[in-house]
There are 2 protein chains.
Amino acid sequence: MEILITNDDGIYAEGIGALATAMKKVGNVTVVAPDTQRSAVGHAITITDPLRVTTAKRNGQFFGYAASGTPADCVKLGIKALMKKRPDLVVSGVNLGGNQAYNILYSGTVSGATEGALLGIPSIAVSLDTFKNPDFGPAAAFAARLAGTLKKRKLPAGTLLNVNVPNLPTSRLKGVRVTNQSRTCFNDWFDKRTDPHGNTYYWMTGDYKPKDPDAASDLNALNAGYVSVTPIQFDLTDYKFITELQNWELKL
Amino acid sequence: MEILITNDDGIYAEGIGALATAMKKVGNVTVVAPDTQRSAVGHAITITDPLRVTTAKRNGQFFGYAASGTPADCVKLGIKALMKKRPDLVVSGVNLGGNQAYNILYSGTVSGATEGALLGIPSIAVSLDTFKNPDFGPAAAFAARLAGTLKKRKLPAGTLLNVNVPNLPTSRLKGVRVTNQSRTCFNDWFDKRTDPHGNTYYWMTGDYKPKDPDAASDLNALNAGYVSVTPIQFDLTDYKFITELQNWELKL
């Protein structure tokens with residue numbers, strides 16, 4: 001199994017190190033990841049600048065390719081320019097911070113896996129639901145087991161798996177739930193401040209740990225101590241509304 | 001009608017100027033837009049840096065607020081920090097370049113409108129399907145008429161309209177089609193080059209004008225000279241696949 005690994009925290013992040021170690025038990029791993037932190041870039045691609053690629057070492061050994069782009073750029077580069085064989089699987093992560101609910105839309109981690117799915121390759125995004133004291137081991141180990149499952153099971157064309165893992169030792173995880181993307185909005189706001197020179201600036205902040213009563217949602221599963229696995233796809237069309245919109249009889 | 005306008009080409013771009021002029025006939029306009037070009041940022045938000053806001057003039061007069069962030073940041077800032085009244089409508093554009101098919105995923109223009117919809121406000125993204133010799137007038141005029149329609153008609157919660165307009169005079173536009181997001185992939189690749197110092201770099205390029213036989217798609221409509229209006233939403237869950245995925249019986 002040829003596995004392409006990327007992330008959005010950058011090639012030297014702890015999470016991608018744990019993921020690469022775990023994935024090497026499942027197949028041949030190629031790492032192509034951003035040369036710096038690219039969190040919350042959304043599904044960005046780089047079109048106005050050329051991309052640079054260098055090799056990156058960890059512990060004195062070749063680890064992978066560091067690119068001056070986004071996670072989506074890295075997956076495109078890996079598949080179309082750097083890997084000799086087309087990968088059988090793309091795995092993005094392990095991200096520091098959950099990518100549940102509407103975070104999916106902002107997530108560079110998810111966009112790396114989405115790019116893999118767009119290119120017709122089974123893909124997984126993996127995120128650890130914490131910003132403090134992360135233990136990436138359980139999430140990386142779960143991703144490796146899921147990769148093993150994908151040797152036998154087939155995802156529909158265009159569908160990828162968005163995995164979120166609570167920051168708990170495996171022994172304290174409650175289990176795995178197949179979930180939907182939570183519809184709960186994070187309550188965010190701006191903290192308005194004045195710099196030492198008298199100029200205004202704004203910090204985005206918010207309550208990023210809301211509750212969600214929907215027992216089928218990713219947010220609810222994480223809050224209850226379960227790993228959440230949400231199948232996602234990227235046709236955004238609201239098909240249910242098309243007939244009514246046609247009845248609006250829009251004119252030039 | 002209070003209207004918040006943003007874009008991803010930057011506050012001094014021609015397209016947002018045309019849009020603001022057209023929208024002033026429909027309601028009170030507030031412009032909050034990136035201080036520089038932010039194309040293909042996807043649905044990025046700025047969390048690691050504070051946001052700066054300055055005022056921008058055009059033709060010697062106050063035009064709007066320029067922010068050091070992405071389109072999604074601008075919409076959040078407009079609604080949560082800058083506007084006195086909550087807007088009745090968010091319009092993002094007019095973008096230089098179409099946002100049809102999978103371009104929707106990469107689009108900063110669409111992400112501005114998506115942020116509006118996430119915050120519960122009717123929202124429209126408007127793009128002009130060309131990179132050369134743009135005439136933003138017809139697209140801006142259509143957006144203004146659509147805004148007028150939204151005074152009487154209601155979008156479902158969480159659904160926004162993604163509008164693309166061919167670069168033709170209104171007299172040569174064929175009409176308006178309600179469409180779905182095309183499933184056609186752009187065929188892109190990397191042009192590998194060597195810089196004057198002997199280092200390799202990569203330019204992303206591709207065939208961005210593919211055909212699409214699906215007569216209901218945005219891509220097909222644009223290729224045939226129609227304005228495309230696609231209702232989109234942002235629950236990415238693949239609900240059809242959930243039952244089968246549950247049958248996989250994933251374990252820790």
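**Notebook: two chains and a buried strand**

I started with one pairing in this predicted model: in strand 7 of chain B, Leu161(B) is the bridge partner of Ile124(B). I then looked up the two strands involved. Strand 6 of chain B covers residues 123-129, and it pairs with strand 7 of chain B in the parallel sense over six bridges.

**Entry: around strand 7**

Next I asked myself: is strand 7 of chain B buried or exposed? The strand runs over residues 160-166, and seven of its seven residues are buried, so the rest of the structure largely encloses it. I remembered a handy rule here: side chains in a regular strand alternate between the two faces of the sheet. So I checked each face, and both are covered. On one side I found Leu160(B), Asn162(B), Asn164(B) and Pro166(B), all buried. On the other side sit Leu161(B), Val163(B) and Val165(B), also buried. My bridge partner from the start, Leu161(B), belongs to that second group.

**Entry: the nonpolar core**

I moved on to the largest nonpolar core, which has 150 residues. Which residues have the most contacts inside it? They are Leu19 and Ala143, in chain A and in chain B alike. In chain A, helix 5 (residues 137-152) gives the most to this core, with eight residues.

I picked Leu19(B) for a closer look. Leaving aside residues up to four places away in sequence, I listed what Leu19(B) touches: Ile5(B), Val91(B), Gly93(B), Val94(B), Val126(B), Ala140(B) and Ala143(B).

**Entry: chain A as a whole**

I counted seven helices and eleven strands in chain A. Its C-alpha trace spans about 55 × 55 × 50 Å along the principal axes. For 252 residues, a compact globule would have a radius of gyration near 18 Å, and the 19 Å of chain A agrees with that. Buried residues make up 54% of the chain. I also looked at contacts in chain A with a separation of 6 or more: 74% of them join residues 24 or more positions apart.

**Entry: how the two chains meet**

How are chain A and chain B related? A rotation of 180° with 0.0 Å of shift along its axis superposes chain A on chain B, with an RMSD of 0.0 Å. That is the relation of a two-fold axis.

Then I turned to the contact, which takes 66 residues from chain A and 66 residues from chain B. The side of chain A that touches chain B has 41 nonpolar, 16 polar and nine charged residues. Finally, 100% of the interface residues of chain A are interface residues in chain B too, so the copies meet through the same surface.

Note on methods. Residues numbered from 1 in each chain as written. Chains lettered and ligands numbered in written order. Predicted model: local features only at pLDDT ≥ 70, side-chain atom pairs only at ≥ 80, totals over all residues. Least-squares fit on C-alpha atoms with pLDDT ≥ 70 in both. Contact = placed C-beta atoms within 7 Å. Nonpolar A, V, L, I, M, F, W, Y, C, P; charged D, E, K, R; others polar. Helix = DSSP H or I, 4+ residues; strand = E, 2+ residues; numbered from the N terminus. Rg over C-alpha atoms; globule rule 2.2 N^0.38 Å. Buried ≥ 20, exposed ≤ 12 C-beta atoms within 10 Å, placed from the backbone. Core = buried A, V, L, I, M, F, W, Y, C linked by C-beta atoms within 7 Å. Pairing = 2+ DSSP bridges.
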